Amino acid sequence: MDLFAMGNARKKEANAPLAWRMRPENLDEVVGQEHIVSPGSPLRNAIDKDQLHSLVLYGPPGTGKTSIARIIARMTNCHFEYMQAVTAGVSDIRKVAVAAQDCLKFYQQQTILFVDEIHRFNKGQQDVLLPFVEDGTLILVGATTENPLYELNTALLSRMKLYILEALEAPAITQIITVALRDRERGLGNLDISINEESMAIFVQASQGDARMALNILDTINNSYVNPNEHLDITAELVKKVTGKLMVKYDRSGDYHYDTISAFIKSIRGSDPDAALYWMAVMLEGGEDPKYIARRLIVHAAEDIGLADPGALSIATAAASAVQYVGLPEARIPLAEAVIYLCTAPKSNSSKVAIDAALSKVRTGNSIKVPSHLGDTSHSQAGSKLGKGKGYKYPHDFGGYVEQSYLPAELGKVNFYQPGNNGYENTIKEFLQSLPDKTKK
């Protein structure tokens with residue numbers, strides 16, 4: 001590289017975004033992922049010893065996945081190839097694999113292939129990778145924000161070690177911002193900038209566990225408000241002005257979507273209205289369709305409350321209807337009312353258990369035959385010609401109940417529905433026990 005090229009490279013580096021300049025240069029600078037990169041951890045040992053295995057780095061944006069891959073590239077003696085899944089095709093994969101085979105054959109040097117956003121690879125592309133990973137031609141390092149259990153082929157995933165990166169906690173974000181303000185070479189240390197605790201707390205909240213987002217906010221403040229010859233105190237008002245309305249990081253089609261709705265439903269099932277309202281607020285602030293939330297409430301009312309409180313289903317469907325009529329933001333109120341009601345209602349899953357048991361019986365049975373006395377008698381000759389309806393006892397002629405069989409004889413004795421001990425099901429249990437036919441033949 002000549003002096004002119006070196007000068008251009010330095011200028012480009014100096015003008016690069018702050019998040020790019022402050023990226024970690026070694027594993028000790030990786031913040032908030034100590035469970036993965038701290039000394040003595042399996043991945044750290046593999047990197048330090050240059051004995052890397054195929055792996056997946058899975059976690060939210062801005063948690064250090066690509067940074068760790070860059071550090072691996074710098075520390076390893078292997079040949080390192082970078083590939084962006086959104087732009088690469090099968091031919092690119094084959095080309096890298098052929099080069100890796102030559103590298104191993106002629107130089108006894110392995111190749112590490114880093115695939116950013118590996119979840120973007122379709123099944124065909126992943127299948128092309130598989131044999132090269134299996135025979136050791138490639139050491140595959142993938143980074144993904146999507147759950148690899150769903151996005152990667154089972155065969156490929158079984159040959160890779162999974163490392164989970166966590167969203168950064170407040171101390172980690174605080175450390176990253178503090179270092180960026182003090183660093184004279186890569187950061188803003190040559191400028192007279194200060195920040196107080198209140199402003200830092202807003203930084204942490206606005207970043208949503210994403211180091212890149214936090215540094216981008218700081219970069220925007222620097223570019224818009226910093227005068228090199230003057231002191232700047234980053235106030236809470238200034239941070240709010242830059243960040244605007246704080247947005248919740250929520251992907252309506254991604255893994256966090258399913259985790260959040262799971263936490264929401266489990267909070268209702270666990271009778272915790274505060275937790276359920278919190279998770280619903282996360283979804284609403286993240287832009288979730290309120291009709292989706294309403295549908296889940298209807299399912300939950302039947303699945304986890306059921307006959308312990310039959311009114312729960314009516315409340316849930318009424319809330320769903322209200323969402324259709326009024327929309328947001330007003331729809332948040334009937335949704336909240338339904339959530340609180342479902343949380344505080346007695347719980348029973350007997351309806352779900354009963355129908356699942358009945359379905360299992362049907363699916364494993366040899367044949368299904370309706371007993372003749374239960375058959376359809378709408379045709380005037382159904383009884384005389386086909387014997388349908390003969391022997392049927394009309395319950396109302398016996399005061400509302402009469403003992404008779406309503407199941408195929410070959411099915412024997414079954415008991416799909418077993419009332420629980422909560423709420424209205426105690427009344428149901430008493431009614432069933434009062435009937436003469438307790439065996440439900």
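**Exercise 1. Find the partner of Val115 in β4, then work out how β3 sits among its neighbours.**

Let's start with one pair: in β4, Val115 has Gly142 as its bridge partner. Keep in mind that this is a predicted model.

Step 1. Zoom out from that pair. β3 and β4 (residues 138-144) run parallel, paired over 6 bridges.

Step 2. Now look to the other neighbour. Val115 of β3 is also the bridge partner of Met83, and β2 (residues 79-84) pairs with β3 in the parallel sense, over 6 bridges.

Step 3. Trace the connections. From β2 the path to β3 includes helix α6 (residues 90-107), and the three make a right-handed β-α-β unit. β3, helix α7 (residues 123-134) and β4 make a right-handed β-α-β unit too.

**Exercise 2. Sort the side chains of β3 by direction, and decide whether they are buried or exposed.**

Step 1. Recall a general pattern: side chains in a regular strand alternate between the two faces of the sheet.

Step 2. Apply the idea to β3. Thr111, Leu113 and Val115 point one way, while Ile112, Phe114 and Asp116 point the other way.

Step 3. Check the cover. Of the 6 residues in β3 (residues 111-116), 6 are buried.

**Exercise 3. Check the length of helix α17, and find where its buried residues lie.**

Step 1. Take the 16 residues of α17 (residues 311-326) at 1.5 Å a residue: the helix should span 22 Å, and its end C-alpha atoms are indeed 22 Å apart, so the two agree.

Step 2. List the buried residues: Ala312, Ala316, Ala319, Ala320 and Val323. They cover an arc of only 100 degrees around the axis, so they sit on the same side of α17.

Step 3. See what lies over them. The cover includes α16 (290-305) and α18 (332-344).

Step 4. Turn to the face pointing away from the buried side: there you'll find the exposed residues Gln324 and Tyr325. Just after the helix comes Gly327, with a positive phi near 65 degrees.

**Exercise 4. Which elements give two or more residues to the largest nonpolar core?**

Step 1. Start from the core itself. It has 30 residues, and Leu18, Ile177 and Phe203 are among those with the most contacts inside it.

Step 2. Name the contributors: α2 (18-21), α10 (170-182), α11 (197-207), α12 (211-225), β7 (232-234) and α13 (236-243).

Step 3. Pick out Phe203. Leaving aside residues up to four places away in sequence, Phe203 touches Ile177, Ile195, Ala214, Ile217, Leu218, Ile221, Ile234 and Val239.

Step 4. Apart from this core lies another, of 26 residues, including Met283, Ile293, Leu297 and Ala319.

Key:
Residues numbered from 1 in each chain as written. Predicted model: local features only at pLDDT ≥ 70, side-chain atom pairs only at ≥ 80, totals over all residues. Heavy atoms only, no water. Core = buried A, V, L, I, M, F, W, Y, C linked by side-chain atoms within 4.5 Å. Buried < 20%, exposed > 50% of the residue type's maximum accessible area, 1.4 Å probe, protein only. Helix = DSSP H or I, 4+ residues; strand = E, 2+ residues; numbered from the N terminus. Contact = heavy atoms within 4.5 Å. Expected span 1.5 Å × (residues − 1). Arc of directions from axis to C-beta. Pairing = 2+ DSSP bridges. Right-handed = clockwise from strand over helix to strand, strands pointing away.
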